[in-house]
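Thanks for making the time this morning. I would like to walk through one model with you, going from the overall make-up of a chain to its sheets, then to a pair of helices, and finally to a few backbone details.

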Amino acid sequence: MTMRILLIEDEEKVSRFVEGGLVAASYAVDAVQDGPTGVEMAEAYQYDLIILDLMLPGMSGGQVLRSIRRSNHQVPILILTARDTVADKVEHFEIGADDYLTKPFAFAELLVRVKALLRRGPISQASTLRVGSLELDRLSQQAKRAGRRIDLTAKEYALLEYLMCNAGRVLSRTMIIEHVWDQSFDGVTNIVDVFVRHLRHKVDDPFEQKLIRTVRGVGYSISDERSI
Amino acid sequence: MNPRSIRVRLSLWYSGVLGLLLVTFSVATYLGLERYLTSVLRQSVISQAREVVPLFSHLDNKDEQREIVELRAHYAPEANNRFLRVRRDTGSVIYVSGVPKDQSFDPAEIPSTQPPLAQESTQDVFLSGGTRLLLYAIPFETRDGRRLIIEAGATYAQVDNVTSNVWMIFAFSLPVFMVVAVAGGYALSRRALRPIDEITRRAEQITSQNLSERLPAPKTNDEVERLSVALNRMIERLERAFESIHRFSADASHELRTPLTILRGELELVAQRRDLSPAISETISSALEEIDRLTKITESLLVISRLDAGESGHESQEFNLAELARVTTEQMTLLASEKEIELCCDTPVSAQIHGNPLRIKQVLVNLLDNAIKYTPKKGKINVAVAVANGCVTLEVADDGPGINPAALPHIFERFYRVDKARTRKFGGVGLGLSIAKSICVAHGGEIKVESAEGQGSRFSVHLPAAVQPLSFSKTSRRAG
């Protein structure tokens with residue numbers, strides 16, 4: 001069954017590419033440009049997820065959030081905003097937001113979060129992750145490729161697990177940093193590149209088929225080439 | 001008690017002026033009184049002498065004895081402690097009063113005066129024993145042509161008596177007045193200045209976090225009220241300025257981020273297409289990299305502008321900087337080992353500070369990242385934390401090439417690059433040290449650098465140690 005997403009975003013171009021990207025990822029998207037229409041749509045139809053921009057004409061995102069929550073406690077709401085202070089985040093989590101994404105964002109990150117909110121299992125609960133001939137056992141925290149064991153440090157393991165959970169999807173450096181380290185490392189260090197290089201050395205170098213891919217300007221992804 | 005405080009200076013000035021006035025008043029009163037009493041004494045002596053003149057002026061020689069008897073009976077100068085003498089101008093004495101009742105002088109001691117005819121004279125006569133006598137002489141001619149001189153005198157004892165009493169009164173009361181006046185003045189000025197103390201205390205409590213608060217401005221219609229009102233207006237202007245910085249920061253966030261979001265999103269969508277020629281694909285990737293860099297610059301500038309506007313207080317908590325330094329150093333070890341750099345960490349067990357741990361960590365990450373970038377292969381970097389005198393110091397020292405002395409004063413400036421080509425190669429945006437500095441300042445600390453070319457660089461961050469963890473954590477807002 002196709003998931004239906006309501007996108008409330010007044011910035012036309014943002015709305016267009018988010019809609020385009022989500023449609024490409026096989027979601028059904030209704031895009032509206034202002035708060036009152038958004039509230040109406042949210043009341044009229046059953047959505048699986050609402051993506052809400054905070055700066056809207058006529059009615060602020062906070063008011064829209066409250067109105068929707070008054071009639072619908074269930075639907076997950078993902079906030080998109082250009083305001084990133086902690087006070088802002090706390091305020092909107094308190095009135096019922098489920099997640100918060102600051103602009104500018106990598107579309108991949110939006111997709112990851114959308115999937116998480118839709119409980120489609122972006123963070124796979126499977127105890128063994130597989131990409132091509134690479135296997136990751138999450139219980140024993142061990143990696144194997146083509147039956148050969150690969151020794152990983154704790155950080156390398158965390159990085160590989162994050163990549164493999166999102167296999168086939170491009171993860172931005174910011175996403176990786178926030179997931180594997182913390183945001184203090186963002187914007188300054190090339191720590192991600194160094195760790196990816198180490199990981200490649202262990203995972204890809206001895207083999208002909210390379211699984212870890214660099215997407216220039218965006219980030220990294222792991223995939224079995226044939227599956228794309 | 002601070003000797004330079006207005007209260008003390010006011011009291012000192014006021015008592016100085018008061019003291020001067022009191023002394024002037026006392027001296028003037030004393031002198032005036034003495035003068036007045038002397039003139040009264042003189043008038044009394046003169047009138048006594050003049051009263052006696054008619055007794056003798058119309059008499060003949062032979063009546064003298066009768067007048068003398070009358071003089072003794074009626075005037076009795078001795079009883080009033082007065083002196084009276086009637087002489088002929090030849091020198092022979094017709095009458096002289098006896099020793100006065102208070103025995104203040106001996107009449108025999110008093111010298112004769114010899115004024116010319118019809119010319120009265122007054123003079124002060126000093127007798128043995130220090131007695132001072134006012135002596136008045138009036139020569140006249142009797143009806144039968146004899147020349148007589150009448151001399152009347154009185155000691156200054158009465159005048160001296162009164163003046164010395166007055167002197168005593170002044171001498172005792174003046175210091176008492178002064179003490180009362182100084183104490184009263186001090187208390188009064190304390191009372192008058194108490195609202196100022198209150199204003200000072202409240203003003204100290206107003207920071208960038210609570211600029212909406214105002215000072216108390218009691219409607220007293222005096223200088224204190226005017227001061228409060230003026231200060232409140234100033235705080236209001238400050239508040240507006242801060243608000244406009246915050247608003248600018250929020251507006252700029254939105255205005256800069258929205259186009260970046262669109263650029264990025266649209267290009268990412270295009271980049272996913274599989275029918276792109278390698279040239280277009282390359283161009284899009286390059287554009288995405290630049291968008292990424294622009295995003296980092298924007299984020300960094302917004303962070304700096306928010307820090308400079310005093311944002312830091314919100315996510316504050318007490319934490320162990322030593323622990324944070326150990327963990328961060330550990331996390332950066334791999335970056336250092338890429339260049340075979342030895343990364344050491346030397347910390348005490350605990351170094352509690354109060355602040356936003358993510359921000360402080362950002363400072364350390366920035367410093368370490370810089371150090372790793374600029375230290376050549378097989379170099380050494382040392383991270384140290386020390387606690388001394390209520391101050392926690394975090395140090396990052398390397399044995400790299402050091403910093404050019406000409407560049408040293410500018411390295412914390414925004415977008416300053418020591419070596420433009422190199423920094424670009426490393427992918428920095430020239431804001432790492434500016435952010436570090438803004439974070440330190442927002443935490444009530446400072447960041448310093450020492451460096452000599454060829455001898456490495458040493459960055460040190462000084463932050464106030466957490467002193468009252470309990471009261472701090474009570475007032476701090478919830479961390480997000």
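**Sheets, helices and backbone details**

A:Pro104 is where I will begin, in the loop between strand 5 (99-102) and helix 5 (107-117) of chain A, and I should say at once that the model is predicted. The peptide bond that leads into this proline from A:Lys103 is cis, with omega near -10 degrees. As a reminder, most peptide bonds are trans.

Stepping back to chain A as a whole, its secondary structure comes to eight helices and twelve strands, and of its 228 residues, 53% count as buried. If we take the contacts in chain A with a separation of 6 or more, residues 24 or more positions apart account for 56% of them.

Let me turn to strand 3 of chain A, residues 49-53. How many of its residues are buried? Five of the five are, so the strand is largely enclosed by the rest of the structure. The side to which a residue points does not alter this, since A:Leu49, A:Ile51 and A:Asp53 point one way, A:Ile50 and A:Leu52 point the other way, and all are buried.

Strand 3 of chain A pairs in the parallel sense with strand 1 (residues 4-8) of chain A, over four bridges, and in that pairing A:Leu52 is the bridge partner of A:Ile8. Strand 3 also pairs with strand 4 (residues 77-81) of chain A, again in the parallel sense and over four bridges, with A:Ile77 in strand 4 as the bridge partner of A:Ile50.

An antiparallel arrangement is found elsewhere in chain A, where three strands form an open sheet in the order 10-12-11. Strand 10 (171-172) and strand 11 (212-215) stand at the edges with a single partner strand each, so one side of each is left without a neighbour in the sheet. Strand 11 is joined to strand 12 (residues 219-222) by four bridges, and A:Thr214 stands opposite A:Tyr220 in strand 12.

Moving to chain B, I would like to look at helix 7, residues 357-374. How does the distance between its ends compare with the span expected for 18 residues at 1.5 Å a residue? The expected span is 26 Å, and the end C-alpha atoms are 26 Å apart, which agrees. Helix 7 is mostly covered, with 15 of its 18 residues buried, and at its start a side-chain oxygen of B:Asn356 reaches to within 3.1 Å of the backbone nitrogen of B:Leu358.

Helix 6 of chain B passes helix 7 in a right-handed crossing, and the two axes come within 10 Å and cross at roughly 35 degrees. Among the residues that meet there are B:Leu324, B:Thr328, B:Met332 and B:Leu335 from helix 6, and B:Ile360, B:Leu364, B:Leu368 and B:Ile372 from helix 7.

I will finish with two phi values, bearing in mind that most residues other than glycine have a negative phi. Phi of A:Ala146 is near 50 degrees, and this alanine lies in the loop between strand 8 (142-145) and strand 9 (148-150) of chain A. A:Ala146 counts as exposed, because its relative accessibility is 55%.

In chain B, phi of B:Glu340 is near 55 degrees, which is likewise a positive value in a residue other than glycine. B:Glu340 sits in the loop between helix 6 (321-338) and strand 7 (342-346), and with a relative accessible area of 42% it is partly exposed.

Notes:
Residues are numbered from 1 along each chain as its sequence is written. Chains are lettered from A and ligands numbered from 1 in the order in which they are written. This is a predicted model: local features need pLDDT of at least 70, side-chain atom pairs count only at pLDDT 80 or more; totals for chains, interfaces and linings use all residues. Side-chain values use heavy atoms; hydrogens and water are left out. Helices (H or I, at least four residues) and strands (E, at least two) are DSSP runs, numbered from the N terminus. The expected span of a helix is 1.5 Å times one less than its number of residues. Buried means under 20% relative accessible area, exposed over 50%, partly exposed in between (1.4 Å probe, protein chains only). A polar contact is a pair of N or O atoms within 3.5 Å; within protein, one must be able to donate a hydrogen and the other to accept it, and residues adjacent in sequence count only if both atoms are side-chain atoms. Two strands pair if DSSP finds at least two bridges between them. Axes are lines fitted to C-alpha atoms, for helices over the stretch in contact, and angles run from 0 to 180 degrees between N-to-C directions. A crossing is left-handed if the near helix is turned anticlockwise from the far one by less than a right angle, and right-handed if clockwise. Contact means heavy atoms within 4.5 Å.
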